[in-house]
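Please work through the exercises below with the sequence and the model open beside you. Try each task before reading its solution.

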Amino acid sequence: MGMYTYVLQDQNGQIETTDSISAGLDYSAVGPEHSHLMMTGRTKYAAVTDAEALDGFKLLSESEGIIPALEPSHAISYASKLVKRYGSKDSVIINLSGRGDKDVETVAKALDY
Amino acid sequence: MVAYLTGGDPKPKIFLNNVVALAEGGADIIEIGIPFSDPIADGPVIQSSSQRSLAHGTTPRIVLEECREISGIYPEIPLVILTYYNPVLAMGLDHFMRKARDSGVSGVVVPDLPVEESGDYRAAAFKNGVDTIFLTAPNTSETRLVKIIRNSTGFLYLVSLFGVTGPRDSLSELALSSAKHVKNLSGGLPTAAGVGISRPEHVSALIRSGADGAIVGSALVRLVNENLGDPEETVEALKRKTMDLKAATRRNS
């Protein structure tokens, strides 16, 4: 029961509600492994908006024909900015944690199709 | 007879009158809940009181302030705080326990804190002379039960069913057998059974089975929920209900 992890909360410890286009990310806390990875400095975390995630979704779908889930669409969007720091011989790896056929209706609605 | 109400509900002023009704009705221990946004152990009745109280701006500090007022009026009635762990962590363990002690609180129940994770919490409580009331369920293993008993002070909270808080029409056999079983292991530690206990006959059956007390929450909070437009009727109903429940603890003595 319960876990000790980073959570969206107010100063009294009441849990704040969230809103995300990605159902898998629409949660007030992260898994405790992420807290550990951040605290030990092994992982850096960045924020991506719903609109940027949709850009990532379109980018991979249009360029590779691979429909990513909305969760890794956040990573794709962030990576597309990050690669500008690297040379053409460098490789950047994205973990595509899920497929996007589950999300096409959400995306169609968000993009007004 | 342990009587529960959610702190600050429905409004601070009315809340204090409701607590007075519990005391006047004969409650032996008064348990005050700190309303929490994610009350995972609570059913719809206490959930609605928590949300109502939070909507009025109730904070843990306000509830502790209310406890200070209550213990000022009824210094002879032990006060217990029921809270989820996150508000305690947010305030800081030592700070919370110190404030609790200074507000006349005798003990704290934290339903989402497993005893295995409670070292710092127990240390802070012990330092400030606040009892740590842990919970057991009917399926708690004997090994864990012994550990929970060893780390509990004040009394032991027997969860009498599988599920969340909320009034039930009947009391399960499980509740009675578990009260008997735990009593045999608890040594000198008093036990009080809660969750789903709403009627005088539940209370008397539990006491007959060896529980030292019964905790009634939702059945009282429901009276608040049902009489929101009529604070005076709430007070009357709470007092009557508490008297009935208290009388049931005496029936077998």
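The exercises that follow treat the contact between two chains, then the pockets, then the cavities.

This is a predicted model, in which local features need pLDDT of at least 70 and side-chain atom pairs count only at pLDDT 80 or more, while totals for chains, interfaces and linings use all residues. Residues are numbered from 1 along each chain as its sequence is written, chains are lettered from A and ligands numbered from 1 in the order in which they are written, and side-chain values use heavy atoms, with hydrogens and water left out.

**Exercise 1. Describe the interface of chain B and chain A, beginning with its residues and its buried area.**

Step one is to list the residues in contact (heavy atoms within 4.5 Å): chain B brings 16 residues and chain A brings nine residues.

Step two concerns buried area, the accessible area (1.4 Å probe) that two parts lose on being put together, summed over both. Chain B and chain A bury about 900 Å² between them, with 53% of it on carbon and sulfur atoms. On the side of chain B, Ser37(B), Asn86(B) and Ala90(B) supply 33% of the area buried against chain A, more than any other three residues.

Step three is to look at the helices (DSSP runs of H or I, at least four residues, numbered from the N terminus). Helix 3 (60-73) and helix 4 (85-91) of chain B each supply at least two residues of the side that touches chain A, and helix 4 of chain B gives the most, with four residues.

Step four sorts that side of chain B by class, where Ala, Val, Leu, Ile, Met, Phe, Trp, Tyr, Cys and Pro count as nonpolar, Asp, Glu, Lys and Arg as charged, and the others, Gly among them, as polar. The result is 10 nonpolar, three polar and three charged residues.

**Exercise 2. Characterise the largest pocket and the second largest pocket.**

The search uses a 1 Å grid over the protein atoms alone: a pocket is an open set of points with protein on both sides within 12 Å along at least five of seven lines, whereas a cavity is a set where a 1.4 Å probe fits but cannot get out, and lining residues have an atom within 4 Å of a point. Grid points are joined across faces, edges and corners, and a volume is the space filled by probe spheres set on the points.

Begin with the largest pocket, whose volume is about 1,400 Å³. It is lined by 36 residues, and Leu25(A), Val30(A), His34(A), Tyr45(A) and Ala46(A) lie nearest its centre. Helix 3 of chain A contributes the largest share of this lining, seven residues. By class, the lining holds 21 nonpolar, 10 polar and five charged residues.

Turn next to the second largest pocket, with a volume of about 1,000 Å³. Of its 29 lining residues, Gly2(A), Met3(A), Tyr4(A), Thr5(A) and Asn86(B) are the closest to its centre. The classes here are 18 nonpolar, seven polar and four charged.

**Exercise 3. Find how many cavities of 30 Å³ or more there are, and what lines them.**

The count comes to two cavities of that size.

The largest cavity has a volume of about 40 Å³, and among the residues that line it are Tyr4(B), Phe36(B), Asp42(B) and Leu82(B). Its lining divides into eight nonpolar, three polar and one charged.

The second largest cavity holds about 30 Å³ of space. Pro10(B), Ile14(B), Val224(B), Asn227(B), Leu228(B), Pro231(B) and Thr234(B) line this second cavity, which makes five nonpolar, two polar and no charged residues.
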